[in-house]
Amino acid sequence: MKHPLHIYADNASTTQLDPDALEAMLPFMRDGFANPSALHSGAKKARHAVEDARNVIAKCIGAKPHEIIFTSCGTESDNWAIKGAARSLDPKQAKFITCAIEHHAVLNCFEALERKGFSTAILPVDSDGIVSVKDLESAIHGADSGLLSVMLANNEIGTIQDIPALAEIAHRHNLLVHTDAVQAVGHLPIDVNQLNIDMLSASAHKFNGPKGVGFLYKRDTVKLPPLIDGGHQESGLRAGTENVAGIVGTAVALRKNVEHLDRNMAHLSSLEKIMKTVISEGIPEARFNGHPDRHLPGLLSLSLPGMNAEGLLHILDLKGIAVSTGAACNSKETILSHVLRAIHLTIPHASGTLRISFSKDTTESDATTLASFLVRLYRKHIG
Ligand code: PLP
């Protein structure tokens with residue numbers, strides 16, 4: 001599965017659809033197009049396909065099938081978990097806690113809750129992006145209802161949080177625990193019981209599934225009112241005709257990723273090692289952000305001080321190499337991402353930060369080519 005670009009290193013943004021997932025989806029976009037809620041035999045086939053997919057997905061994360069509810073994306077799952085929890089709680093009493101490096105799908109929900117009068121707290125992170133248990137203990141002091149939402153793996157620097165330890169504290173104070181696992185599902189071993197969580201958000205296009213499909217894991221003891229009003233799909237919890245083909249493709253993609261998880265993680269770690277060796281030798285002043293051990297394999301946040309990341313991105317793009325930046329420039333100023341600000345990167349480091357995210361299909365030669373090219377570019381510009 002080779003991407004048409006020379007080197008696609010923007011997998012944290014989105015991944016290529018797995019060919020087996022595509023094959024599994026096609027019949028449901030052709031003859032098997034029936035509405036799974038209808039009563040005829042074609043509909044039953046579609047219904048069975050959705051339920052088979054639910055079983056597969058549940059197994060991949062250690063959940064029960066009825067605890068998986070299909071949504072349209074990670075953003076919807078995050079909105080539902082956070083706003084749904086708020087709907088059933090008293091704004092005068094409940095406390096909502098998150099951390100400074102969450103995706104905007106979570107942070108903007110917290111802003112919405114604040115406007116509705118809820119008490120919220122945004123926990124800081126250390127320079128590796130880790131949320132401290134002590135900070136949670138101070139923020140949660142005196143609370144006895146609400147929600148803790150902390151992401152499993154960060155989308156810019158890859159840092160993985162100690163969710164079981166944070167969840168333990170939150171549960172002691174009677175808070176629900178949600179984790180945005182959009183970057184982690186299909187890339188890290190996940191067991192919802194080991195994580196000690198009540199809700200988890202995932203998005204298919206981040207693990208070689210199709211765009212437009214996500215799911216929320218909701219422990220069966222958690223009562224969550226629907227976010228979307230309408231029909232009785234998804235056991236009355238999420239209205240709207242199911243995206244049958246997309247759901248089928250999601251299950252195939254996740255099953256494949258989970259089956260090959262150890263191999264994929266080892267491969268991504270070896271690509272990361274190549275990048276780190278070549279870059280560190282060629283650019284001693286370079287810095288890799290995120291926690292050195294607790295991070296997503298294959299996601300590198302690389303700061304090249306003195307470089308302009310956006311300019312670098314365009315040079316790489318012209319060579320057919322796709323990456324992301326951690327800062328965007330307009331004519332007057334450089335806008336640093338909230339994540340890089342939260343880990344207190346200096347402006348020269350943050351302005352020169354690229355996010356390089358490999359996939360299981362990236363080759364060692366891709367990693368060497370990209371690293372060597374970056375070293376040459378840096379030496380040419382900085383000397
Ligand atoms: N949460 C995280 C951590 C993400 O990285 C993303 C997407 O980049 C989202 C949520 C939103 O997911 P979606 O694009 O499926 O809405």
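**Getting to know the chain, view by view**

**View 1. How much of the chain is tucked away.** Of the 383 residues in the chain, 55% are buried. Keep in mind while looking around that this is a predicted model. The accessible surface adds up to about 16,400 Å², and carbon and sulfur atoms supply 54% of that.

**View 2. The overall build.** Trace the backbone and you'll pass through 14 helices and 15 strands. Laid along its principal axes, the C-alpha trace covers about 70 × 55 × 40 Å. A compact globule of 383 residues would have a radius of gyration near 21 Å, and the chain's own 21 Å agrees with that.

**View 3. Who touches whom.** Take the contacts in the chain with a separation of 6 or more: 72% of them join residues 24 or more positions apart.

**View 4. Where the charges sit.** The chain carries 37 positive and 41 negative charges. Average the positions of each set, and the two mean points lie 3 Å apart.

**View 5. A close look at helix α3.** This helix runs over residues 74–87. How far apart should its end C-alpha atoms be? At 1.5 Å a residue, its 14 residues should span 20 Å, and the 20 Å between those end atoms agrees.

**View 6. The cover over α3.** Helix α3 is mostly covered, with eleven of its 14 residues buried. Among them is a run from Glu76 through Ser77, Asp78, Asn79, Trp80 and Ala81 to Ile82. Gly74 is buried too, as are Gly84, Ala85 and Ala86.

Key:
Residues are numbered from 1 along each chain as its sequence is written. This is a predicted model: local features need pLDDT of at least 70, side-chain atom pairs count only at pLDDT 80 or more; totals for chains, interfaces and linings use all residues. Side-chain values use heavy atoms; hydrogens and water are left out. Helices (H or I, at least four residues) and strands (E, at least two) are DSSP runs, numbered from the N terminus. The radius of gyration is taken over C-alpha atoms; the globule rule is 2.2 Å times the number of residues to the power 0.38. Buried means under 20% relative accessible area, exposed over 50%, partly exposed in between (1.4 Å probe, protein chains only). Contact means heavy atoms within 4.5 Å. Accessible areas come from the Shrake-Rupley method with a 1.4 Å probe; for residues, only the protein chains shown count as cover. Lys and Arg count as positive and Asp and Glu as negative; His and the chain ends are not counted. The place of a charge is taken as NZ of Lys, CZ of Arg, CG of Asp or CD of Glu. The expected span of a helix is 1.5 Å times one less than its number of residues.
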